[in-house]
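Welcome! Please take a moment to look over the sequence and the 3D view below, and then we can walk through some details together.

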Amino acid sequence: MSALVWADSPLMPAQVLPLYKQECAACHTPYPPGMLPAASWQRVMNGLERHYGVDASLEPVQVQQISVWLKAYAGTSKRVREAPEQDRITRSAWFVREHRDIESAVWKRASVKSAAQCSACHTQADQGRFDEQHLRIPR
């Protein structure tokens, strides 16, 4: 059984690597590692100089530390076993299914910006909580 669950429990591991929070969460929601399979995280970490249109390069030792942590907590459930297109969480089958009722205009609101900005609607996304109890779609 995975250490991470998808119901009303947090997806983020109890022990979050401080370097992950410092480097990755500085620019976007600190995505729980269980949202992607290990192979996706490896490709993401190996391509930081072209990280979705931004140079997010880190020192090799930092890349190694974050990579090891991501791999240890990567998704292994049927839900995330397949790598999504371009290793984007927002293109994974489960993400698309969970957000199928969200109108495309919502993603374009200045208060949301894009589907990748989880914390715009999920008020506890930084803690790995994405349940409806903590959902608030901004205007």
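## Glu 85 and its partner

Glu 85 is exposed in this predicted model, and its relative accessibility comes to 52%. That puts Glu 85 in the exposed class, because the class begins over 50%. The side chain of Glu 85 meets that of Arg 91 in a salt bridge, with 3.3 Å from N to O. Arg 91 is partly exposed, at a relative accessible area of 38%.

## Other salt bridges

How many salt bridges does a search of the whole structure find? The search turns up four, and two more of them are worth a visit here.

One of them joins Arg 43 and Asp 87, whose closest N and O atoms are 2.8 Å apart. This pair links distant parts of the chain: Arg 43 sits in helix H2, residues 38-46, while Asp 87 belongs to the loop between H3 and H4, and 44 residues separate the two. The partners also differ in accessibility: Arg 43 counts as partly exposed at 44%, whereas Asp 87 is buried, at 11%.

Another salt bridge brings together the side chains of Arg 79 and Glu 98, at 3.4 Å from N to O. Because Arg 79 lies in the loop between H3 and H4 and Glu 98 in helix H4, the pair ties together parts that are 19 residues apart in sequence. Arg 79 is partly exposed, with 29% relative accessibility, and Glu 98 is exposed, with 52%.

## Two positive phi angles

Let us turn to the backbone. Most residues other than glycine have a negative phi. Which sign does phi have at Asp 87? Asp 87 has a positive phi of about 55°, although it is not a glycine. We met Asp 87 above as a salt-bridge partner of Arg 43; the loop that holds Asp 87 runs between helix H3 (60-73) and helix H4 (93-98).

Lys 113 is also not a glycine, and its phi is positive too, at about 80°. You can find Lys 113 in the segment after helix H5, which covers residues 104-108. Is Lys 113 buried or exposed? Lys 113 is exposed, with a relative accessible area of 63%.

## A buried glutamine in H3

Finally, have a look at Gln 62, which lies in helix H3. Gln 62 counts as buried because its relative accessibility of 17% falls under the 20% cut-off. Which residues does Gln 62 touch, leaving aside those up to four places away in sequence? They are Leu 19 and Glu 23.

Technical notes:
Residues numbered from 1 in each chain as written. Predicted model: local features only at pLDDT ≥ 70, side-chain atom pairs only at ≥ 80, totals over all residues. Heavy atoms only, no water. Helix = DSSP H or I, 4+ residues; strand = E, 2+ residues; numbered from the N terminus. Buried < 20%, exposed > 50% of the residue type's maximum accessible area, 1.4 Å probe, protein only. Contact = heavy atoms within 4.5 Å.
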